[in-house]
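Biologist: Could you take me through one part of this protein closely, namely the place where two of its helices pack, and set that part in the context of the whole chain?

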Amino acid sequence: MSHALYTARLSALSAQQSVPTVAQWAVGFAVAVTTWDTRWRTRKHLRKLSAHHLRDIGLDPLTAQAEAAKPFWRP
């Protein structure tokens, strides 16, 4: 299962009001960690793409390099 599906499910859980406060914090933390992991993996793979592949996804090498250089906690 992809990370995007995990993030969507965790976000849906955190939106429920009937969940105890500690559980909401735990779900919020899980959502943050999953988001950070997805960003880290995506940026790691972005660094490895060739100029040809970057053009296929509509990015120029400088934009891809700038995105890949961001730390995982920055959107």
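**The packing of α2 with α4**

Modeller: Read from the N terminus, the elements of this predicted model follow the order α-α-α-α, so that, with helices and strands taken as DSSP runs, the secondary structure amounts to 4 helices and 0 strands. Before looking at the contact itself, it is worth weighing the confidence: the mean pLDDT of the protein is 87, with 83% of its residues at 70 or more. That confidence is highest in helix α4 (residues 61-69), at a mean of 96, and lowest in helix α1 (residues 3-15), at 68.

The part you ask about joins α4 to helix α2, which spans residues 21-48. The axes of α2 and α4 lie 8 Å apart and form an angle of about 145°, and the crossing in which α2 passes α4 is left-handed. On the α2 side the contact is made by Arg43, Leu46 and Arg47, which meet Ala64, Glu67 and Ala68 of α4. Sorted by class, this contact of α2 with α4 holds 3 nonpolar and 3 charged residues, and no polar ones.

As for the chain around this contact, 15% of the 75 residues in the protein are buried, while the protein exposes about 5,600 Å², of which carbon and sulfur atoms supply 65%. Among contacts in the protein with a separation of 6 or more, 51% are between residues 24 or more positions apart.

Technical notes:
Residues numbered from 1 in each chain as written. Predicted model: local features only at pLDDT ≥ 70, side-chain atom pairs only at ≥ 80, totals over all residues. Heavy atoms only, no water. pLDDT = per-residue confidence, 0-100. Helix = DSSP H or I, 4+ residues; strand = E, 2+ residues; numbered from the N terminus. Axes fitted to C-alpha atoms, helices over the stretch in contact; angles between N-to-C directions. Left-handed = near helix turned anticlockwise from the far one by under 90°. Contact = heavy atoms within 4.5 Å. Nonpolar A, V, L, I, M, F, W, Y, C, P; charged D, E, K, R; others polar. Buried < 20%, exposed > 50% of the residue type's maximum accessible area, 1.4 Å probe, protein only. Areas by Shrake-Rupley, 256 points an atom, 1.4 Å probe, with all protein chains shown as cover.
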